[in-house]
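Visitor: I have a structure here that I would like to understand step by step, beginning with its strands. Could you walk me through it?

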Amino acid sequence: TLFHRKKKGHIENMAAFILPGVGLVATPVAASHTFLLSKRAFPTRRQRATPVVSMTSTPSTPSSPEVTSAAPANVNDIYSKFWHHADETMKKRLKDLAPYPIPEGFLRKEEITGKGARAQWVSTQSYAYSTTKLRQIRAAHVQGGQALQVLNYVIFPHLNYDLPFFGADLVTLPGGHLIALDMQPLFHTDAYREKYSKPLMQTFEKYKSQLEWGGDFPEEAAQYFSPCFLWTRPSKTETVDTVVFDAFKDYLNIYLDIVDKAEKVTDPKHLQEIRDRHVSYLKYRAEKDPARGMFQRFYGPDWTEEYIEGFLFDLTRKMEKNEYKIPA
């Protein structure tokens, strides 16, 4: 959402976004980029009836020449190296790593919105794996040139482990960067914090001293954060390339260390508590997903809702259809 504020005697363009689990945040936007974040740049469903290019591809479907030629150079491709590192780390450390099914139409989605000099290329790439301990390891990587770069990387454990969720929300806009890293807890007991937050605390303190706190967030979201929630809004891309990248690598490695040591939960009462917390968290994330408005403007409401409910936060649907089984 675009708005304006008066600062030091002049009007400053601002963009407001909802960050997962954080809520409403605002960041300055250069005047030259306000179009890219306006409704004009994100056409309505009616306006998109005759898009310049719209394509959904699968591994066996080559990219459209029109889309390829319209795609911007990777000079602003900030988060590919984050994904590649995570992918290599998973393949190296998780010996039972297996593909997780991505529904048809969601592996890759590309579109060009706008016309002429204002045409904007956008690509959304999805990745997913699973293991015997981790139900879904998935990433959504959105690239929109200078206007938008996003990597949402989340790990959901199986429901017979009390492991926290791993969450990385990395967002780059013309006005700056929005970064959130955490091992999001199922419970807020002293024993749970001792077990899962304490191993991360030293690393959190290290990066907290290097990255400015990103600001307040809604009280309703606090239940989904750990004491090691790293939330920052760097102004420089260099900071993301170095400090944030190092933090991402360290958080991920510590999370996998914890997964290595995790033991199955067998107590029926505790298993039900874990199930309830997973459902609560997924419901909250699906309802508050910050990408909903963006995806609706790029790809339409039908694709967006199916992507959110059928892939990004798919457990509730799988449970309703009796498609999810806890591994033996």
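Visitor: In which sense do strand S8 and S9 pair?

Guide: This is a predicted model, and what follows should be read with that in mind. Strand S8 covers residues 134-143 and is joined to S9 over nine bridges, one of which makes Phe 156 in S9 the partner of Gln 136. The hairpin of S8 and S9 has five residues between the strands, with Gly 145 taking a positive phi near 65°. The sense in which S8 and S9 pair is antiparallel.

Visitor: How many of the residues of S9 are buried?

Guide: Gln 149, Leu 151, Tyr 153, Ile 155 and Pro 157 point one way from S9, while Val 150, Asn 152, Val 154 and Phe 156 point the other way, and all of these are buried. The strand is therefore largely enclosed by the rest of the structure, the count of buried residues being nine of the nine.

Visitor: What is the relative accessible area of Ile 155?

Guide: Ile 155 has its place in strand S9, and its C-alpha atom is separated by 8.8 Å from that of Ala 139, 16 residues apart along the chain. Leaving aside neighbours within four places in sequence, Ile 155 is in contact with Met 90, Leu 134, Gln 136, Ile 137, Phe 165, Phe 166, Leu 252 and Tyr 255. Since buried means under 20% relative accessible area, Ile 155 counts as buried, and its value is 0%.

Visitor: How many bridges join S9 to S10?

Guide: Strand S9 (residues 149-157) and S10 run antiparallel. Leu 151 has Leu 170 in S10 as its bridge partner, and Val 150 is partnered in S10 by Val 171. The number of bridges that join S9 to S10 is seven.

Visitor: Are the faces of S10 covered or uncovered?

Guide: On one side of S10 lie Phe 165, Gly 167, Asp 169, Val 171 and Leu 173, and on the other lie Phe 166, Ala 168, Leu 170 and Thr 172, all of them buried. Nine of the nine residues of this strand (residues 165-173) are buried, so S10 is largely enclosed by the rest of the structure. Both faces of S10 are covered.

Visitor: Which residue in S11 does Val 171 stand opposite?

Guide: S10 and strand S11 (residues 176-184) run antiparallel and are joined by nine bridges. The two strands form a hairpin with two residues between them. In S11, the residue opposite Val 171 is Leu 178.

Visitor: How far apart in space, C-alpha to C-alpha, are Asp 182 and Phe 166?

Guide: Asp 182 is found in strand S11 and is buried, with a relative accessible area of 1%. Apart from its neighbours within four places in sequence, Asp 182 is in contact with Phe 165, Phe 166, Gly 167, Tyr 224, Phe 225, Ser 226, Cys 228, Phe 229 and Tyr 251. Although Asp 182 and Phe 166 are 16 residues apart in sequence, their C-alpha atoms are separated in space by 6.1 Å.

Visitor: Which helix gives the largest share of the largest nonpolar core?

Guide: The largest nonpolar core has 87 residues, and those with the most contacts inside it are Phe 82, Tyr 153, Ile 155, Leu 163, Phe 166 and Tyr 255. The largest share of this core amounts to 13 residues, and the element that provides it is H5.

Visitor: With which residues is Phe 82 in contact, leaving aside its neighbours within four places in sequence?

Guide: Phe 82 is among the residues with the most contacts inside the largest nonpolar core. Once neighbours within four places in sequence are left aside, the residues in contact with Phe 82 are Leu 151, Leu 170, Val 240, Val 244, Phe 245 and Phe 248.

Visitor: At what angle do helix H4 and helix H5 pack?

Guide: Helix H4 (residues 198-208) and helix H5 (residues 237-261) have their axes 10 Å apart and pack at an angle of about 180°. H4 is therefore roughly antiparallel to H5. Among the residues making the contact are Leu 200, Phe 204 and Tyr 207 of H4 and Val 243, Tyr 251 and Ile 254 of H5, and by class the contact has nine nonpolar, one polar and three charged residues. The angle asked for is about 180°.

Notes: Residues numbered from 1 in each chain as written. Predicted model: local features only at pLDDT ≥ 70, side-chain atom pairs only at ≥ 80, totals over all residues. Heavy atoms only, no water. Axes fitted to C-alpha atoms, helices over the stretch in contact; angles between N-to-C directions. Helix = DSSP H or I, 4+ residues; strand = E, 2+ residues; numbered from the N terminus. Parallel < 35°, antiparallel > 145°, perpendicular 65-115°, else oblique. Contact = heavy atoms within 4.5 Å. Nonpolar A, V, L, I, M, F, W, Y, C, P; charged D, E, K, R; others polar. Core = buried A, V, L, I, M, F, W, Y, C linked by side-chain atoms within 4.5 Å. Buried < 20%, exposed > 50% of the residue type's maximum accessible area, 1.4 Å probe, protein only. Pairing = 2+ DSSP bridges.
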